[in-house]
Amino acid sequence: MINKYDSNHESSDREAKTFCEFFAGIGLVRAGLEPSGWRCVYANDVDSKKKELYENRFGCDDRFHLGDVWNTSEVLDRIVDRPFLATASFPCVDLSPAGHRRGFEGEHSSTFFGFVKILAALGERRPKLVLLENVTGFLTSKNGADFKAAIRSLSELGYAIDAFTLDAKYFVPQSRPRVFVVGIDRDLEAPGAIRANATDWFGEGFDRAIDRADASIRPRRILPLLRSIDPPPELIAFHIPKPIATIPPLVDLIDLDLDQKWWDEAQVQKHYLMMNDKHCAIVDRMIAAGESFVGTIFRRKRGGSTRAEVRFDGLAGCLRTPRGGSARQIVIAIDRGVLRMRWMSPREYARLQGVGDYPLVENEVQNLFGFGDAVCTPVIRHIDRYILTPVFDHRSNSIEPGLAGGESDQRPEDPIILA
Ligand SMILES: C[S@@+](CC[C@H](N)C(=O)[O-])C[C@H]1O[C@@H](n2cnc3c(N)ncnc32)[C@H](O)[C@@H]1O
C-alpha cells in the first residue's frame with residue numbers, strides 16, 4: 001500500500017522514515033523529529049483544543065485523528081503501511097506528585113495500555129522503534145510496579161528496552177526532567193549500543209557501561225528496576241552523550257518591555273508578601289543595589305497557606321498546565337530598583353519548550369494548556385540524533401557500525417528558536 005502522505009514513496013524494499021505520534025497534543029514530538037526527515041503519517045489525541053493548535057502549526061489534513069486511543073479498530077483503520085517509529089508521551093496526571101498518584105489504576109495514565117493494544121493489533125505492521133516519554137514519577141509510581149508493567153508489555157511485543165532520563169535544562173532555561181523509554185525490535189541492529197540479556201553472564205559489561213555513563217542521564221536506580229522485571233526483558237543501552245548546547249539565558253526568553261501585562265502595585269505587593277523571609281531579603285538586596293534580575297515564581301501551598309517561591313538559579317520551573325491558576329508561572333523582574341511581576345505569556349512558554357516561533361491561537365489559556373503539557377522539542381532532537389535516526393539509517397547499513405551515537409559523533413546541539 002502506498003502511503004498517501006509520502007509523495008516520494010520509497011520502493012517496497014526500502015522502509016520509509018515514517019512515524020505515528022500518539023498522545024500528540026500540540027505536536028512537539030513531531031516538531032523535534034521532522035528536521036531530520038521523519039514524516040508523520042498518523043497523529044492521535046482526544047483533545048480538540050490541542051488539535052486546533054496542532055493543525056495551526058502543521059496544517060490541516062486528515063492525519064490528525066481526534067479520538068480515544070482505546071478505539072483500537074478506528075486507529076488501525078487510519079494507519080497505513082508499516083510506520084518505522086511510534087511515539088507516545090502518554091498522560092502523566094496519575095504518575096506525577098502533582099496528581100493523586102493513582103498510577104496505572106488511574107484512567108489517564110493507563111491509556112498507555114490503549115497504545116500497547118494498538119501495537120499488538122498492528123501485528124506484522126508493528127513499528128520497529130517505540131519512544132515513550134513521561135515524568136520521572138513514572139519510575140516510582142506504585143513503588144516501580146507501574147514502570148515494570150509498562151516495560152513488560154513492550155518486551156512481550158518483541159522489543160529490547162533502553163530507559164534513561166533527560167532534562168530540558170540542558171537545552172533551555174527550564175527544569176523539566178523526563179523519563180524516556182526506547183523499544184527496539186529485537187532483531188534490528190542498534191548502532192553504537194550495548195546489548196545485555198538480563199540473565200546473561202556477559203551482563204556485567206553492560207552494567208559497567210551504565211555505571212560509567214553520566215548519572216543525570218542514567219540514574220543508578222533504573223537498572224535495578226529493569227533487572228527486577230520477571231520475565232527479564234532484553235536490555236540495550238544506547239550511547240547518549242550529555243548535550244553540549246549553548247543555553248540561552250532566561251532573560252533572553254522573557255519580554256521586558258512595558259507593553260507586557262505587568263501587574264499593578266497591589267498585585268506585586270501581594271506576591272512579595274507571599275515570599276518567605278529569605279527570598280524577600282534577596283529581592284530587597286537586589287533592589288537596593290540597583291541590580292537587574294529576571295526569574296520565575298511558582299505559587300505553592302505550604303502548610304495551609306499559599307507561598308510565592310522564587311527561583312534564583314537562572315531556570316524557569318517546570319511548565320505545567322494552568323489548572324486552578326496556581327500552576328501558572330509568574331515572571332519576576334528587577335530593573336534599576338523597580339520590582340515587576342506578571343503571568344508568563346504563551347510566547348514565553350513556547351520559547352521555553354524550544355519552539356519560539358510556534359503559531360499561537362487567540363485563546364491564551366488554550367495556548368498555556370498546550371505548551372504546559374508538551375515535550376521540550378530539543379530533547380526529542382537529541383534522542384533522534386543519537387538513537388532514532390542512527391537506527392533507521394543503520395537498518396540499510398548505510399553508515400558504519402559503532403560510529404552513530406559514538407563520542408566522536410558528538411556535535412553541539414542546534415540553537416533553539418527564540419522568535
Ligand atoms: C503529555 S500530553 C502529550 C503532549 C504532546 N507530546 C505534546 O508535545 O504536546 C498527553 C496527551 O494525551 C492526550 N490523551 C489523554 N487521554 C487520551 C486518550 N484516551 N486518547 C488519546 N489521547 C489522550 C491528552 O489530550 C494530552 O494531549
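# Ligand site, nonpolar core and selected residues

A nitrogen atom of the ligand sits 3.4 Å from a polar backbone atom of Val46. The ligand on its own exposes 610 Å², and the protein buries 92% of that. The structure is a predicted model. Its largest nonpolar core has 63 residues, and that core lies between domain 1 and domain 2, because both domains give residues to it. The points below cover the ligand, the core, and then single residues grouped by where they are found.

**The ligand and its surroundings**

- The ligand is surrounded by 20 residues, and the closest are Ile26, Asp45, Lys50, Val69 and Ser89.
- By class, this shell is made up of nine nonpolar, six polar and five charged residues.
- Besides the atom pair with Val46, a polar backbone atom of Phe23 is 3.5 Å from a nitrogen atom of the ligand.
- Asp68 takes part through its side chain: one of its polar side-chain atoms lies 3.0 Å from a nitrogen atom of the ligand.

**The largest nonpolar core**

- In soluble globular proteins, nonpolar side chains tend to be buried together.
- Within the 63-residue core of this model, the residues with the most contacts are Leu28, Phe164, Ile184, Phe238, Ile383, Ile387 and Leu388.
- Helix H14, which covers residues 377-394, gives the most to this core, with seven residues.
- Domain 1 is made of two stretches, 18-246 and 374-409, while domain 2 covers 256-344.

**The loop between strands S11 and S12**

- Strand S11 covers 305-311 and strand S12 covers 330-335, and Gln329 lies in the loop between them.
- Gln329 has a relative accessible area of 0%, which is under the 20% cut-off, so this residue counts as buried.
- The side chain of Gln329 makes a polar contact with the side chain of Thr296, at 3.5 Å.
- Arg320 is also found in the loop between S11 and S12.
- Arg320 has a relative accessibility of 28%, and the partly exposed class runs between 20% and 50%, so Arg320 counts as partly exposed.
- Arg320 and Asp373 are 53 residues apart in sequence, and their C-alpha atoms are 6.1 Å apart in space.

**The loop between strands S6 and S7**

- Phe171 lies in the loop that runs between strand S6 (159-167) and strand S7 (177-185).
- Phe171 counts as buried, because its relative accessibility is 2% and the cut-off is 20%.
- In sequence, Phe171 and Asp414 are 243 residues apart; in space, the distance from C-alpha to C-alpha is 9.2 Å.

**Loop residues with backbone features to note**

- Asp230 and Pro231 are joined by a cis peptide bond, with omega at about -5 degrees.
- Pro231 is placed in the loop between helix H8 (222-227) and strand S9 (234-237).
- Asp81 is not a glycine, yet it has a positive phi of about 55 degrees.
- Asp81 lies in the loop between helix H3 (72-78) and strand S4 (85-88).
- With a relative accessible area of 22%, Asp81 is partly exposed.
- Lys142, another residue other than glycine, has a positive phi, near 50 degrees.
- Lys142 is found in the loop between helix H5 (137-140) and helix H6 (145-156).
- Lys142 counts as partly exposed, at 36% relative accessibility.

**Two residues in helices**

- Arg57 lies in helix H2, which covers residues 48-58.
- The relative accessible area of Arg57 is 32%, so this residue is partly exposed.
- Arg57 and Ala31 are 26 residues apart in sequence and 9.4 Å apart in space, C-alpha to C-alpha.
- Leu119 lies in helix H4, which covers residues 112-122.
- Leu119 has a relative accessibility of 1%, so it counts as buried.
- The C-alpha atoms of Leu119 and Val130 are separated by 9.5 Å, and the two residues are 11 residues apart along the chain.

Methods:
Residues numbered from 1 in each chain as written. Predicted model: local features only at pLDDT ≥ 70, side-chain atom pairs only at ≥ 80, totals over all residues. Heavy atoms only, no water. Near = heavy atom within 4 Å. Polar contact = N/O pair within 3.5 Å; in protein donor to acceptor, adjacent residues only side chain to side chain. Areas by Shrake-Rupley, 256 points an atom, 1.4 Å probe, with all protein chains shown as cover. Nonpolar A, V, L, I, M, F, W, Y, C, P; charged D, E, K, R; others polar. Core = buried A, V, L, I, M, F, W, Y, C linked by side-chain atoms within 4.5 Å. Buried < 20%, exposed > 50% of the residue type's maximum accessible area, 1.4 Å probe, protein only. Helix = DSSP H or I, 4+ residues; strand = E, 2+ residues; numbered from the N terminus. Domains from an automatic or database assignment.
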